[in-house]
Amino acid sequence: MGPGPSAGMAPPAETTVTTAPESKAPGPEAPQFQTAPAVEAARAAEPGKAAAAPTRIDRGVTDYLQHMGVERGLAANTLAAYRRDLARYSRYLAGAGCQQPTDITRQHVTGFVRALSDGSDGGSALGVRSAARTVVAVRGLHKFWALEGHTASDPASEVHPPMAGKRLPKAITVDEVTRILEAAGTDTATGLRDRALLEFLYSTGARISEAVGLDVDDISLAAGNKEQGPAIVRLFGKGSRERLVPLGSYGARALEAYLVRGRPLLAAKGKGTPALFLNARGGRISRQSAWTILKVAAEKANITRDVSPHTLRHSFATHLLEGGADVRVVQELLGHASVTTTQVYTLVTADTLREVYAAAHPRALG
């Protein structure tokens, strides 16, 4: 009887794994996937489980993520979410005995969708929106595999994401925005920064990730005069899409005060970063810190409802539409790829119009 397995036998075992695909029956060789370090690491991170060699499914997931990041320009945060979602999908498929993409059937996909809502795969039970995002990632993965010839068909093509009820954006009033902005500023380096940041968010409708990612060179305050028009800001949205957005006079003055009297003091504590908004140590401010700045200002202004940086973005869009702005213009300012996304704000303003009509027209009620 030959010697049993031991630590010294690891190389032969590894060779067996890597050469197994060559033992397939003769015929056209299936496209080869690249290695999957990200997915393998996510699977190995499960408590109490040793790292496992990546399967063809893992490699296929990494191929797809590389495609979405490099060729489709998916934003880093979205790509990270897809990576987590598909790592969970890979674990589910491994538990179901699937070793390669061609093993996956529609029943596997629908079973995973059910597991997302009840946590039967050992993961957390997700809400409708999170589950829908995961299903979108899974559908994109299978579509990619089918188009690339890794599978003959797409088992996820008829599996649709769960639908969430339509949730209208939560905007606050112009008066509430004004109170928050006035509560934010103090004549200190951080106070000037806080006022400039919040004025900027409301004046441009920028996402918080866009604001904290700004560099000083991305703004042009020199244009902020009557001859040349408002100041201009260059924002980089989802998928690194670039857009130019005007900056109102209030926001421009707040930014100028911060750049002249606040940022130099903060920058002196750091290492020369080009970031526009700096933290107390002279580095780029984080999204979490920006959230805290707004929360503190809202509390000082006695705003009782929940307010987030996205609330200022919603308020920016709603107030523009209420003021008569065209929905296509608002779409460009917000950086929405589709006007359908922007049109949800028209529902909010339509509700306001109904209320005003009902209160003001002599024959509206009766």
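# Salt bridges, a helix and two cores

D85 is buried, with a relative accessibility of 7%. That falls under the 20% cut-off, so D85 earns the label. This model is predicted. The points below cover its charged pairs, helix α11, the loop residue D215 and the nonpolar cores.

**Salt bridges**

- Side chains of opposite charge can pair when their charged atoms come close.
- Across the whole structure, a search finds eleven salt bridges.
- One of them joins the side chains of D85 and R133, at 2.9 Å from N to O.
- D85 belongs to helix α4 (residues 76-95) and R133 to helix α6 (residues 128-148), so this pair ties together parts that are 48 residues apart in sequence.
- R133 is partly exposed, at 33% relative accessibility, whereas D85 is buried.
- E176 and R305 also form a salt bridge, and their closest N and O atoms are 2.9 Å apart.
- E176 sits in helix α7 (residues 174-184), while R305 sits in the loop between α11 (287-300) and α12 (309-322), so the pair ties together parts 129 residues apart in sequence.
- E176 counts as buried at 13% relative accessibility, but R305 counts as partly exposed at 39%.
- D194 pairs with R193, with the closest N and O atoms 2.8 Å apart.
- Both D194 and R193 are buried.
- R207, E210 and R243 form one network, joined by salt bridges that share partners.

**Helix α11**

- Helix α11 has 14 residues.
- From first C-alpha to last, α11 reaches 20 Å, close to the 20 Å expected at 1.5 Å a residue.
- An α-helix has 3.6 residues a turn, so residues three or four places apart point the same way.
- Which residues of α11 are buried? They are A290, I293, L294, A297 and A298.
- These buried residues cover an arc of only 130° around the axis, which puts them on the same side of α11.
- The buried residues of α11 pack against α7, α8 (189-204), α9 (208-212) and α12.
- Exposed residues Q288, E299 and K300 are on the face of α11 turned away from its buried side.
- After α11 comes N302, which has a positive phi, near 60°.

**Loop residue D215**

- D215 is found in the loop between α9 and β1 (219-220).
- D215 is partly exposed, at 24% relative accessibility.
- What does D215 contact, leaving aside its neighbours within four places in sequence? Its contacts are P274, A275, L276 and R284.
- D215 and R284 are 69 residues apart in sequence, yet their C-alpha atoms are 9.3 Å apart in space.

**Nonpolar cores**

- In soluble globular proteins, nonpolar side chains tend to be buried together.
- How many residues does the largest nonpolar core have? It has 51 residues.
- I180, L198, F200, L255, Y258 and F277 have the most contacts inside this core.
- Helix α8 supplies the largest share of this core, seven residues.
- Leaving aside neighbours within four places in sequence, F277 is in contact with residues including R193, A196, L197, F200 and A211.
- Other contacts of F277 include L255, Y258, G283, R284 and I285.
- R284 appears in the contacts of F277, and also in those of D215.
- Another core, of 24 residues, lies apart from the largest one.
- Among the residues of this other core are Y89, V109, A131 and V135.

Key. Residues are numbered from 1 along each chain as its sequence is written. This is a predicted model: local features need pLDDT of at least 70, side-chain atom pairs count only at pLDDT 80 or more; totals for chains, interfaces and linings use all residues. Side-chain values use heavy atoms; hydrogens and water are left out. A salt bridge is a side-chain nitrogen of Lys or Arg within 4 Å of a carboxyl oxygen of Asp or Glu. Helices (H or I, at least four residues) and strands (E, at least two) are DSSP runs, numbered from the N terminus. Buried means under 20% relative accessible area, exposed over 50%, partly exposed in between (1.4 Å probe, protein chains only). The expected span of a helix is 1.5 Å times one less than its number of residues. The arc is that of the directions from the helix axis to the C-beta atoms. Contact means heavy atoms within 4.5 Å. A nonpolar core is a set of buried Ala, Val, Leu, Ile, Met, Phe, Trp, Tyr and Cys residues joined through side-chain atoms within 4.5 Å.
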